Amino acid sequence: MELARPLGDCKSADITDTTSLDILRLLDDDSPIIRRITVMIPYGMLDAALISDEDLGRIGRAIAKNTNLTTLRLCCAINLNKDSSRHALHFLDMVGKNRHIRHFSLHGGYGFDAIETEAFGHLSSFIKNNENLESFEITHGTTPEVVGFLVDALERRSGHPLKKITLNYSGVKDDDVKEMMSFFMNNPSKAPGRICLDHNNFGDNGCFHISKFVRKSGNIFKEIGLRGNKMGPCGLRCIASALTYHATSLERFSIGENHKIGDPGVIAFVEAFASYSNSIPSHLAIEEINIGPEGMKSLGIALARRSYPIESLHLKFNHIGDYELMSLLECFRSNPSLIPKTLDLTANCLGHWGLVVISDLLRNRCCSLERLNMANTDPVPYDTVSYAVNSVKCNSTLRELNIDTCGLADEKCLDLLSSVVCDTTSIQSTYLSNHTLVKFGNCSSREISLFLAVNSNPNKSFIARHKVIYHHFAKNFRLDLFQDMQPAVLVEVLTYVYRGFACCDKNEKEQKHA
């Protein structure tokens with residue numbers, strides 16, 4: 001198997017081909033320590049006899065005896081559908097004998113019929129016997145018995161509970177959710193701290209059973225992932241009311257791609273937190289749920305009631321236009337310090353006025369926004385983009401910015417960004433440039449990328465001095481900048497520059513000594 005990255009003193013490796021057995025060399029006792037490994041074999045590769053029974057057995061035995069391996073991801077690596085061969089199941093059995101693996105995931109892949117029942121027998125044995133296992137993930141495992149096997153394994157498991165359980169694209173239905181939550185209600189000590197049930201087939205009834213467990217168990221869940229199911233406003237209201245009083249430790253809540261939610265669901269969600277705004281999860285993902293102006297306004301009012309901002313708000317693929325965005329951001333105009341630290345507006349319909357409103361917030365020195373993503377939105381005029389980018393110049397919190405510049409010349413965009421991170425028109429302009437932004441979309445300019453990298457230094461005074469010295473003394477020394485200076489000002493400038501050179505010399509000596 002050929003490696004996607006070269007061998008060396010690495011702690012992880014991806015195996016993406018089947019032309020050799022370099023994986024065995026990776027897992028040898030004499031090889032570099034590998035803690036995370038991903039095995040990716042295209043669907044049907046085993047049937048094509050590109051990897052023999054003997055080779056697969058050798059790989060399984062190597063994984064079984066490796067004591068350094070902590071993370072194992074099998075991506076389409078073993079053909080466990082109804083035509084599964086015996087040696088693939090034997091391979092899975094060998095892998096399960098490694099008691100040092102803490103994170104295990106099995107990704108079926110599109111085209112798989114259903115992960116075979118017998119295979120789940122091996123997996124449940126692995127969960128039951130490996131006391132060090134912390135997270136377990138199955139993706140594209142569409143056999144009806146998946147939840148039953150998981151519950152049986154957790155019931156027989158001794159030691160600490162799993163920290164995270166993920167069953168994505170696994171055909172989980174309302175009755176399956178009921179079975180799982182009923183088990184957790186009867187055995188709360190075996191419930192995981194994080195659970196992800198993305199892209200399954202349960203709806204409001206499944207949400208009811210989740211809320212029922214949350215009400216009884218209290219602060220167990222730190223993350224709940226429910227993307228891509230059949231949840232509606234009633235299911236979301238049911239979960240939200242349970243989270244309000246009983247799950248104040250919840251950090252991440254994902255409900256994206258539940259197209260039935262819409263404005264009624266979002267309004268019901270925030271109304272449940274009306275008196276407990278600080279209980280709203282710190283990371284909120286509500287992508288592609290058809291949210292409208294009323295939902296955006298209600299969400300903004302709820303977030304603006306908090307005593308501190310949430311960490312992230314993801315609103316991708318919601319057809320959000322200027323009016324919807326203005327409905328959200330108007331709630332933060334009086335207190336921009338409460339705007340989410342990360343705001344993702346990717347693939348929406350933002351135009352001129354939407355960018356103007358968010359730019360005005362960025363110009364406010366109290367704005368708490370750190371990451372703003374507006375990629376793949378509708379093209380806007382250059383003047384609008386210029387206004388938005390220039391608003392970053394006086395901002396001291398924004399670290400990442402991605403604005404769709406579709407239709408604009410690359411030279412214009414680069415010149416615009418260059419004037420923001422390092423304005424060279426004068427020493428004062430350079431000193432007052434933005435020293436916080438570290439990422440701007442897919443910047444292709446090497447010089448700008450270097451200055452964005454310099455901005456990652458926490459010492460902003462050092463960054464400002466570095467840019468001044470580089471552009472006005474080391475690169476393009478201009479005597480005319482000093483001709484009109486008053487003597488007292490000139491002394492201060494020369495002292496400032498001298499300190500900068502001394503600081504650079506000190507850093508060079510420290511690097512050489514290191």
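Me: Which residues have the most contacts inside the largest nonpolar core, and how many residues does that core have?
Reply: In soluble globular proteins, nonpolar side chains tend to be buried together. Here the largest nonpolar core has 111 residues, with F104 and F253 having the most contacts inside it; such a core is a set of buried Ala, Val, Leu, Ile, Met, Phe, Trp, Tyr and Cys residues joined through side-chain atoms within 4.5 Å, where buried means under 20% relative accessible area with a 1.4 Å probe, protein chains only. The model is predicted, so local features need pLDDT of at least 70 and side-chain atom pairs count only at pLDDT 80 or more, while totals for chains, interfaces and linings use all residues. Residues are numbered from 1 along each chain as its sequence is written, and side-chain values use heavy atoms, with hydrogens and water left out.

Me: Where is empty space left, and what lines the largest cavity?
Reply: Rolling a probe the size of a water molecule over the atoms shows where empty space is left. A cavity is a set of points, on a 1 Å grid over the protein atoms alone, where a 1.4 Å probe fits but cannot get out, and its lining residues have an atom within 4 Å of a point. The largest cavity holds about 50 Å³ of space, and its lining is F120, L123, S124, I127, F136, I138, V146, F149, L150 and L167. Of these, nine are nonpolar, one is polar and none is charged.

Me: Which element gives the most to that lining?
Reply: α4 does, with four residues.

Me: Which residues of α5 are buried?
Reply: V146, V147, L150, V151, A153 and L154 are buried; they lie on the same side of α5 because they cover an arc of only 165 degrees around the axis.

Terms used. Buried means under 20% relative accessible area, exposed over 50%, partly exposed in between (1.4 Å probe, protein chains only). On a 1 Å grid over the protein atoms alone, a cavity is a set of points where a 1.4 Å probe fits but cannot get out, and a pocket is an open set with protein on both sides within 12 Å along at least five of seven lines; lining residues have an atom within 4 Å of a point. Grid points are joined across faces, edges and corners, and a volume is the space filled by probe spheres set on the points. Helices (H or I, at least four residues) and strands (E, at least two) are DSSP runs, numbered from the N terminus. Ala, Val, Leu, Ile, Met, Phe, Trp, Tyr, Cys and Pro count as nonpolar, Asp, Glu, Lys and Arg as charged, and the others, Gly among them, as polar. The arc is that of the directions from the helix axis to the C-beta atoms.
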